[in-house]
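Okay, everyone, thanks for coming. Let me put the sequence and the model up, and then I'll walk you through a few parts.

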Amino acid sequence: QAVILTTGGFGANTKMLKAYNTYWTDIDDDIKTSNSPAITGDGIILGQSAGADLTGMGFSQMMPVSDPETGALFTGLQVPPQNFVMVNTSGKRFVNEYGSRDRLTQAAIDNGGLFYLIADEHIKNTAYNTSQEKIDRQVENGTLYRADTLEDLAKQLSIDPETFVTTINNYNTYVDQGEDPEFGKDVFDLKVVTAPFYATPRKPAVHHTMGGLKIDTKTHVLDQSGKIISGLYAAGEVAGGIHAGNRLGGNSLTDIFTFGRIAGKTVVADKLT
């Protein structure tokens, strides 16, 4: 006599993303997602069939540093943002690498989507979830680029070597100065000076959708007049209005634990009254 929808968002439904989008200037037709391919908004559509109202559907969150082919987060050399340089396909920096996810994502979209994380040999000291064996395998598979000179790395990326080298040399001077006059970056650890040099291709992918079924604080699903739909509840990413435009990292876990528990308690309480 009670249905709790906990079916996730719609990050794997590109048509739905594009139809509702009000947050990004553009969403690619072939955009990838870091989530399960099953997260296609079915629970939201089910709720609508019962008369549910929606909220926040235009808000979706992208993970800017995702694999261009799969949307995965942990390919290539993933490191703290103070330790890499981001360059576009012209070999130029285009953003403060230490910026927020949404700023990095929009900057990437403005630059055609695809970009590269540039680093040198010392990056391995700070890279997440990696080893020399994994690095070698990714280079062999073509998902990570490696070269003994910056010029050769640029050629592998089909970037003008002179432009690329100038970009990296300028960045290295900013690290020495502790100040970035181009984009305002002020957190630095590593320069790009020691061979071999690496380039990890990245592209924004859908990471979380903030929109969904409208609920009250007890997880009752509401209709378009704000009235409770009897017997219908929702928790987690299927529900909207929790995270607004840009979800803070980790808060989806707080969301699901909190509202999942509330939903269970509310169902029991409703059936006892």
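Before the pocket, a word on terms: helices (H or I, at least four residues) and strands (E, at least two) are DSSP runs, numbered from the N terminus. This is a predicted model, where local features need pLDDT of at least 70 and side-chain atom pairs count only at pLDDT 80 or more, while totals for chains, interfaces and linings use all residues. Residues are numbered from 1 along each chain as its sequence is written, and side-chain values use heavy atoms, with hydrogens and water left out.

So, the pocket. By pocket I mean, on a 1 Å grid over the protein atoms alone, an open set of points where a 1.4 Å probe fits, with protein on both sides within 12 Å along at least five of seven lines; lining residues have an atom within 4 Å of a point. The largest one has a volume of about 360 Å³, counted as the space filled by probe spheres set on the points, which are joined across faces, edges and corners. It has 17 lining residues, and Met63, Val65, Val79, Pro81 and Arg101 lie nearest its centre. Two or more lining residues come from each of β3 (60-66) and α3 (101-110), with β3 giving the most, three residues.

Staying with β3: seven of its seven residues are buried, meaning under 20% relative accessible area (1.4 Å probe, protein chains only). Five bridges join β3 to β7 (residues 197-209), and the two run antiparallel; strands count as paired if DSSP finds at least two bridges between them. In that pair, Ser66 stands opposite Lys203.

Now over to another sheet. Which strands form the open sheet, and in what order? There are three, in the order β1-β10-β9, with mixed pairing. β1 (3-5) and β9 (220-222) are at the edges with a single partner strand each, so one side of each has no neighbour in the sheet. Three bridges join β1 to β10 (residues 228-234), running parallel, and Val3 sits opposite Leu232.

β10 turns up again in the largest nonpolar core, where it gives the most, three residues. That core is a set of buried Ala, Val, Leu, Ile, Met, Phe, Trp, Tyr and Cys residues joined through side-chain atoms within 4.5 Å. It has 24 residues, and Ile44, Leu213, Val221 and Ala234 have the most contacts inside it. α1 (14-20) and α7 (251-272) are among the elements that each supply at least two residues. That's my tour, thanks.

Note on methods
Buried < 20%, exposed > 50% of the residue type's maximum accessible area, 1.4 Å probe, protein only.
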